[in-house]
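Student: Could you take me closely through one part of this model, the place where the two chains meet, and then connect that part to what lies around it? I would like a careful, continuous account.

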Amino acid sequence: MSGSVVDNTVSSGNSSAAIPTDISGQILDLDEDDDLEVFSKDTTLTDGSSLNASMQTSSASMINQYKFEEEEEDADTKDIFVTVDNPESHVTAIETYITYRVETKTTRSEFDSSEFEVRRRYQDFLWLKGRLEEAHPTLIVHPLPEKFVMKGMVERFNEDFIETRRSALHKFLNKIAEHPIFSSSEDFKIFLTAGSGELTSHKKQGPGFLSRMGETVKAVAAAVRGVRSRPQEFTDMQEYVEAFSQKISSIDKVTQRIVREQKEYLEELKECGPTYALWSQSEEELAEPLKNVAGCVDKCCKETDEQVKHLNDHLIPVLHEYVLCADTLKAVLRRRDNIQADFEAKTEALATKKADRDADSKVLSLAWGSLVGRSPEEVKQQKQQKLKGEIKEMRDELDKTEDRLEWANNALKSDWTRWQKGMRTDLRSAFIDTAERNVSYYEKCLAVWESFLQSQRTDAEGNGNVDFS
Amino acid sequence: MADSGSEYIAVIGNTDLTPSESENNLKNTMVEKGTSLLKKMEISVAEAEKRTGKNAVNMQETYTVYLIETRPVDAASEGTNPVPDSLWRRYSEFEQLRNYLLVTYPFLVVPPLPEKRAEFVWHKLSADNMDPDFVERRRVGLENFLLRVASHPDLSTDKIFYSFLTEENGWKETVFETGFQAKADSRLKALNATFRVKNPDKRFAEMKHYGDELQSVISQLLRVRARAADRLYGVYKVHGNYGRVFSEWSAIEKEMGDGLQSAGHHMDAYAASVDDILEEEEHYADQLKEYLFYADALRAVCRKHELTQYELEMAAQDLTSKKQQREELATGTIRTFSLKGMTSKLFGQETPEQREAKLKMLETQIEEGEELVKERNGECEEFVKSAWVDIERFKEQKDHDLREALISYAIMQISMCKKGIQVWNNAKECFSKM
């Protein structure tokens, strides 16, 4: 196992190899000396219930775990189907809120039955997301729709808002269900199957407020400390995420602007049809073609209206999701950095302690010892014992942290690839969908005007208009 | 659809007609109307040029001149293609020509000139008279005006019109000599005066009402259309931003890069396509504008009828009152109030000699009055007859032209849709490669 630790740090293409390789050399020594178990289940990190059973195996197999195979998510291999629908509002004395029906159909053995139906509110989704993030700080959780839309003064109980939110929640759960790690989460299972009472009591378990505070403090401390030698690939990831975040936000804004302009165009166009109709009332020969044109313009208005709606309901939500994803990615990278910072800090501390131990075998403590009336040998023995104990503790702690870091890095790397694939698929199909819709829009308008031409042609022949020779 | 072989069918069948092609179709229609003028002469306004010179108050000014080219029809068909006769004219000279025609043929619906200033603009178009797009559209409008006049059965025979086309120098003097300017001024005054007609011809009253409605509805349509064009421009242009962002984004992606980059190019093409689309729509707007101004000419004819009718009624009224006066004088009864009557009451009756003299004068006046009434009546009837013929002709022309305009509008929409389909299909293919 230690061999693979070295491999990993080297293969990550680390240019500033100063600390890792030095440390790994020392770790090698210690491992051989102290015969420690390298990996142990660390219950302070995560809520036990959300730990995957496979995490108990050695890290070697754990690393393999994270090399997600080429996932063919065929309908055949999919064994869990989740739907979110049927929003209902609930009124209590204190508040009004919306619940959504969550229906699950599955063939998985860990579920007691094959069909479940529960009602969940937004808070419950938030809870689930939080749990998954806590359990897997460097895995990428698909974003939830935002708490409250401020722009455009959308009411919480506005129909469109509820539908948009429902659709996003549906996507969220499906992304979780598709994820190899998340979908096995106990919290996820409970979310899908528990009655509301059961869920409430389950929510109360798990790391309490203080432990979560502890984690936050640690994270802040680590963030302040900073990372000394981030592996290149994570730096690359960070650069990518920065750029991606900008681009996807731009595209989101451009699309929203297009929707605005289209709506304003529609407003003006809506006045054209009635004007042609008004004109037709003053005419005799021209009345029919004018009325016809009025009808055509009105039909095109309808098509434009639907095209705008499609843009709003399909492309914009997807873009918005990925804007939020960019933020998620940034957070994940930060958390990974924090873990590494923690590891680096502990490594430094251990090195310092060891230096102390070596330095202590010199004169200084002997002098002190003679003052308190102990023999130099005694003092030296005591000091050495004490240091040995401390060093062992720190080594244990360091090993745990190192494992944690390695685990986090591998998890992130695999999930990153997975995320990129997903992003590519989602955005590609959203853009294709939009392009198809636009083609369809133009095709429909084309048909409208061609039928007008057709009618004029028939008219001309019918009236036997000789004028147009 | 059975091919009846008529050109009209061919026009609709070909939905890829460009504006210049449909413009040619209109010209062909006018030419084939076959006035004797157009039978022997091809007319066009070929070019426009900027000039600077001193104006009436001796200040430097820049103005545009337009090249009128005329060419004998036979020569062109012989295939020799000689150099056409040509001369330069400014817009103000066209205005003079039109004013001359208006006063000389008040019973005709005189074709309008293209607008003096750009109206119903949307933001992209400049309202500046020197703007090249405006000048170009005006050139087309002026040519259209000349062809309209040349294809009119009466107007095409006018000598002043002919010399406008053929005589560079001296035309101004010739036209001034007709004294049209004075007539134009008085005509303007008369048309703007308010008066009440007792018995207008019903058809003319209806026509005037129609002219009002036509003017109002076309104005509204042009306004709405301009606003919609403005918005449509915005929609297309914002898509250009996709092009830029996709290009930047493709730089950070590996597999998605190519697809994004090429999709971005199509978005740029889409954004750029709106310029052509809206230029074609301007052509449609110009066709509507011509009839907006035609509506004015139509109203002017109806107004002129009212004027002649009014003058007839005035003359008749005057005659009636004179006859009444004669009767009173002859019978000695005073039925109508007259100052003479009052004063004679106050200051005593007139002498028989005085009465004799007065009667004689009245008789003369009545004779003259009857002549006048007959004359005016004749004028009125003449006017109604010729004007109504021209109005009927105008109605047919309007129905035909506007119908063609609506058809060309549909063709434009179809062309726009086809372009859209192409661009988005291309984009879709690029997205598939992402």
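Tutor: In this predicted model, 59 residues of chain A are in contact with 66 residues of chain B. Between them the two chains bury about 6,100 Å², and carbon and sulfur atoms carry 71% of that area. For chain A as exposed in the model, about 23,800 Å² in extent, the share supplied by carbon and sulfur atoms is 51%. Charged pairs also take part in the interface, since the rule finds 8 salt bridges across it; in general, side chains of opposite charge can pair when their charged atoms come close. One of these bridges links Lys428(B) with Glu436(A), whose closest N and O atoms are 3.1 Å apart.

Asn438(A), a residue of helix H12 of chain A, which spans residues 376–463, offers a polar counterpart to look at. With a relative accessibility of 5%, Asn438(A) counts as buried, because the cut-off for that class is under 20%. Once its neighbours within four places in sequence are set aside, Asn438(A) is in contact with Gln307(A) and with Trp424(B), so that its contacts include a residue of its own chain and a residue of the partner chain.

Helix H12 of chain A also takes part in a salt bridge within the chain. Lys353(A) and Glu390(A) form this bridge, with 3.2 Å between the closest N and O atoms. Because Lys353(A) belongs to helix H10 (residues 287–360) and Glu390(A) to helix H12 of chain A, the pair ties together parts that lie 37 residues apart in sequence. Both ends count as partly exposed, Lys353(A) at 22% relative accessibility and Glu390(A) at 26%. For chain A as a whole, 45% of its 469 residues count as buried, and among contacts between residues at least 6 apart in sequence, 77% join residues at least 24 apart. The chain contains 12 helices and 3 strands.

Those strands of chain A make an open sheet in the order E1-E2-E3, paired in the antiparallel sense. Strands E1 (80–91) and E3 (115–121) of chain A each have a single partner strand and therefore stand at the edges, with one side left without a neighbour in the sheet. On average, and with direction ignored, neighbouring strands in this sheet are turned by 20° against each other. Strand E2 of chain A, residues 96–106, is joined to E3(A) by 7 bridges, and within this pairing Tyr100(A) stands opposite Arg120(A). Helix H4 of chain A (residues 122–135) packs on the sheet, where it touches E2 and E3 of chain A and makes an angle of about 105° with the direction of E3(A). Helix H5 of chain A (residues 159–178) lies across E1 and E2 of chain A, at about 145° to E1(A).

Chain B likewise has an open sheet of 3 strands in the order E1-E2-E3 with antiparallel pairing. Its edges are strand E1 (41–54) and strand E3 (85–90) of chain B, each of which has a single partner strand, so one side of each lacks a neighbour in the sheet. The average turn between neighbouring strands of this sheet is 25°, direction ignored. Strand E2 of chain B (residues 60–72) is antiparallel to E3(B) and is joined to it by 6 bridges, and Tyr66(B) has Arg89(B) as its bridge partner in E3(B). Helix H7 of chain B (residues 159–166) packs on this sheet and touches E1, E2 and E3 of chain B, its direction making about 105° with that of E3(B). Helix H6 of chain B (residues 132–150) lies across E1 and E2 of chain B and runs at about 135° to E1(B).

A salt bridge between Glu42(B) and Arg71(B), with the closest N and O atoms 3.6 Å apart, connects two strands of that sheet. Since Glu42(B) lies in strand E1 and Arg71(B) in strand E2 of chain B, the pair ties together parts that are 29 residues apart in sequence. Glu42(B) is partly exposed, with a relative accessible area of 38%. Over all chains, the count of salt bridges by this rule comes to 61.

Terms used. Residues numbered from 1 in each chain as written. Chains lettered and ligands numbered in written order. Predicted model: local features only at pLDDT ≥ 70, side-chain atom pairs only at ≥ 80, totals over all residues. Heavy atoms only, no water. Helix = DSSP H or I, 4+ residues; strand = E, 2+ residues; numbered from the N terminus. Buried < 20%, exposed > 50% of the residue type's maximum accessible area, 1.4 Å probe, protein only. Contact = heavy atoms within 4.5 Å. Areas by Shrake-Rupley, 256 points an atom, 1.4 Å probe, with all protein chains shown as cover. Pairing = 2+ DSSP bridges. Axes fitted to C-alpha atoms, helices over the stretch in contact; angles between N-to-C directions. Buried area = accessible area lost by both parts, 1.4 Å probe. Salt bridge = Lys/Arg side-chain N within 4 Å of Asp/Glu carboxyl O.
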